[in-house]
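Biologist: Before I rely on the terms used for this protein, I should like to hear the grounds for each of them. Could we look at it together?

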Amino acid sequence: MDMPSFTDASRRPDGRPDATYDAIVVGAGFAGLYALHRLRQVGLKARCYEAGEGVGGTWYWNRYPGAACDIESLEYSYSFDEALQQEWKWSTRFARQPEILSYLNHVADRFDLRRDIRFGTRVTTAHFDEARALWQVETDRGERVTARFCVMATGCLSSPKPIEYPGADSFRGRILRTAYWPEAPVDFTGLRVGIVGTGSSGIQCIPLIAEQAQHLTVFQRTPNFSIPAGNRPMDPEYERSVKADYASLRAIERDSDVGICARLLPETKRALDVSPEEREAEYQRRWEAGGLYFYCSYVDLLVDRAANDTITAFAQRKIREKVRDPKVAELLVPKDYPFGAKRLCADTGYYETFNRDNVRLVDIKASPIHEITPTGLRVGDEQIELDVLIFATGFDAMTGALLNIDIRGRGERTFAEHWKQGPRSQLGLMSAGFPNLFITTGPGSPSVLYNMVLGNEYHVDWIMDCIAYLDRHGHATIEATQEAESDWRRTVDEIGRQTLFGAASSWYLGDNVPGKPRVILPYLGGFRAYKRTCDSVAASGYPGFALV
Ligand code: NAP
């Protein structure tokens with residue numbers, strides 16, 4: 001293992017301080033693998049660190065039953081290599097986690113990426129050495145390396161929230177977390193299972209666990225909207241038609257706001273400009289099509305409350321139609337926030353699960369969880385006996401993974417201090433005082449509201465162009481300016497205020513993490529506008545960035 005001291009200041013022929021690597025990539029998910037590939041392609045010496053024992057990032061850790069993507073796999077896949085996208089065959093419309101993980105393993109092998117990845121290794125610190133304009137990176141395995149660039153491909157939903165109730169250590173049964181699911185299959189046969197959390201993860205695994213367990217208790221804090229996933233075996237004719245002209249599909253995705261609806265393009269109409277009958281038919285058509293297309297029925301659903309009321313009412317009615325017990329149905333129907341303002345979920349038989357005799361729904365807003373006891377949960381004035389307790393309680397989204405690393409930039413300023421009041425960046429890509437440290441699909445970019453694979457490809461390509469520009473023009477470093485950061489924060493906030501996102505309590509605003517500043521995290525102006533801005537910044541010599 002090469003472990004040079006940080007004081008090794010030999011210089012390269014081009015006059016730059018020598019570093020162990022040109023670039024360090026943190027994370028080997030979709031973003032990190034592509035970043036490593038591109039860096040190596042241009043001849044840079046790169047090293048990727050990955051906390052997991054294998055590639056995959058979010059798809060490595062989240063192995064819970066039912067874990068699947070809710071974007072079509074022909075779209076939620078790399079576009080950078082035509083041969084790759086032609087040769088890979090998805091078995092279903094929406095791939096399940098094991099298949100996505102196989103795909104990412106295939107990519108790692110196909111592009112021979114593993115030799116430059118250190119698995120089971122977490123980056124703990126990254127300190128900027130101003131004199132040498134290098135990042136000093138340390139890992140939890142004691143490795144210490146330097147690099148000119150850091151690409152933080154740390155993911156948006158990769159820092160799971162801790163268990164927020166006392167008593168976990170006393171529990172005599174088994175505690176599981178969807179975000180750290182064990183590799184060996186878990187058998188729930190004959191067991192009394194409890195699950196806390198009804199977001200996308202909970203909604204995907206609840207129907208499958210209910211089928212196996214003796215009894216399942218679902219502890220719900222806030223009901224979510226979920227639409228039928230409509231998953232099915234891949235239609236060979238559809239696959240053939242996409243592959244016959246993949247480039248056209250990718251072009252549509254890249255020129256769209258969400259990057260996921262290439263086949264059923266988002267409507268250009270406004271919901272209230274059409275008759276109630278036409279609206280109903282459109283919602284029904286998209287509901288039956290399955291997947292997140294439903295979300296894109298009309299252009300104004302997330303900006304106009306009256307428009308949103310129409311889709312909210314439709315989705316509420318669908319829940320009531322599915323759940324036999326009206327009291328249970330009313331608990332499952334979200335009533336106090338607009339449809340889509342919390343992340344929309346996609347399910348296979350979620351609401352129908354509550355018609356089973358072995359499933360109970362507990363409203364923990366009305367009867368809060370007090371503590372975990374040796375034999376279960378104390379909820380309201382009741383003790384609920386459990387053999388297995390599952391937490392599907394979500395993530396410190398978008399900022400958690402970055403802030404968990406001790407990052408220090410110019411003047412020893414910590415990243416945590418810099419982002420104390422919420423993330424600050426130029427275009428979501430770089431922060432002031434943290435030169436040559438790039439973030440992929442981070443806060444301030446469309447991020448989780450665009451197809452994440454394509455969003456990551458776009459960011460990595462932008463970073464690679466930026467690095468090439470620095471070298472062409474003889475610059476050692478690039479970083480955001482304070483002024484541009486403040487302007488971008490204002491832009492992101494201003495666009496956010498024009499939407500309905502603020503009307504819900506959600507991880508998009510950090511509401512799910514106690515003490516986290518309430519700031520709109522993703523850029524809500526759509527990918528098309530965002531890309532235009534980033535492209536034009538790159539084309540005009542990086543205004544808003546300081547190049548030294
Ligand atoms: P999540 O959406 O944040 O849901 C967490 C759930 O746990 C919510 O119901 C939340 O209630 C509840 N919760 C949180 N803290 C709690 C506490 N202390 N006590 C009781 N309940 C608590 O997390 P997730 O389901 O893991 O999903 C996160 C994101 O990952 C999704 O939004 C999606 O973007 C992505 N994801 C995607 C897929 C897919 O592609 N199909 C699958 C899984 C995840 P509140 O709402 O009241 O906070």
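Modeller: Let us begin with a hairpin, in which 2 residues join S13 to S14. Please bear in mind throughout that this is a predicted model.

Biologist: What makes S13 and S14 a pair?

Modeller: Two strands pair if at least two bridges are found between them. S13 and strand S14 (residues 376–379) have 4 bridges and run in the antiparallel sense, so they qualify as a pair. Threonine 373 has glycine 376 of S14 as its bridge partner, and glutamate 371 stands opposite arginine 378 in S14.

Biologist: Why are S13 and S15 said to stand at the edges of their sheet?

Modeller: The sheet is open, with 3 strands in the order S13-S14-S15 and antiparallel pairing. Strand S13 (369–373) and strand S15 (382–385) each have a single partner strand, so one side of each lacks a neighbour in the sheet. Direction ignored, neighbouring strands of this sheet are turned by 20° against each other on average.

Biologist: How do you know that S2 pairs with S3?

Modeller: The requirement is at least two bridges. S2 and strand S3 (residues 117–118) are joined by 2 bridges in the parallel sense, so the requirement is met. In this pairing, tyrosine 49 stands opposite arginine 118 in S3.

Biologist: Which strand is joined to S2 by 4 bridges?

Modeller: That is strand S1 (residues 21–26), which runs parallel to S2. Valine 25 has cysteine 48 in S2 as its bridge partner. From S1 the chain passes through helix H1 (residues 30–41) to S2, and this β-α-β crossover is right-handed.

Biologist: What covers the description of strand S2: are its residues buried or exposed?

Modeller: In strand S2 (residues 46–49), Ala46 and Cys48 on one side and Arg47 and Tyr49 on the other are all buried. Both faces of S2 are therefore covered, buried meaning under 20% relative accessible area.

Biologist: Which helix packs with H1 at an angle of about 30°?

Modeller: The partner is helix H14 (residues 452–472), and the axes of H1 and H14 are 9 Å apart. Angles under 35 degrees count as roughly parallel, so at about 30° H1 and H14 belong to that class. H1 passes H14 in a right-handed crossing. On the H1 side the contact involves Phe30, Ala31, Tyr34, Ala35, Arg38 and Leu39; on the H14 side, the residues include Val453, Asn456, Met464 and Ile467.

Biologist: Why are H8 and H9 called oblique to each other?

Modeller: Helix H8 (residues 276–289) and helix H9 (residues 305–322) pack at about 55°, with their axes 11 Å apart. Angles under 35 degrees are roughly parallel, and those from 65 to 115 are roughly perpendicular. The value of about 55° falls in neither class, nor is it over 145, so H8 and H9 are oblique. Their crossing is right-handed. Among the H8 residues in contact are Tyr283 and Trp287, while H9 contributes residues including Ile311 and Phe314.

Biologist: How do you know that threonine 399 is buried?

Modeller: Buried requires a relative accessible area under 20%. Threonine 399 has 4%, so the term applies. Threonine 399 lies in the loop between strand S16 (388–391) and helix H12 (400–403).

Biologist: Which residues does threonine 399 touch?

Modeller: Leaving aside residues up to four places away in sequence, threonine 399 touches Trp419, Pro423, Pro443, Lys516 and Leu521.

How values were computed:
Residues numbered from 1 in each chain as written. Predicted model: local features only at pLDDT ≥ 70, side-chain atom pairs only at ≥ 80, totals over all residues. Heavy atoms only, no water. Buried < 20%, exposed > 50% of the residue type's maximum accessible area, 1.4 Å probe, protein only. Right-handed = clockwise from strand over helix to strand, strands pointing away. Axes fitted to C-alpha atoms, helices over the stretch in contact; angles between N-to-C directions. Left-handed = near helix turned anticlockwise from the far one by under 90°. Contact = heavy atoms within 4.5 Å.
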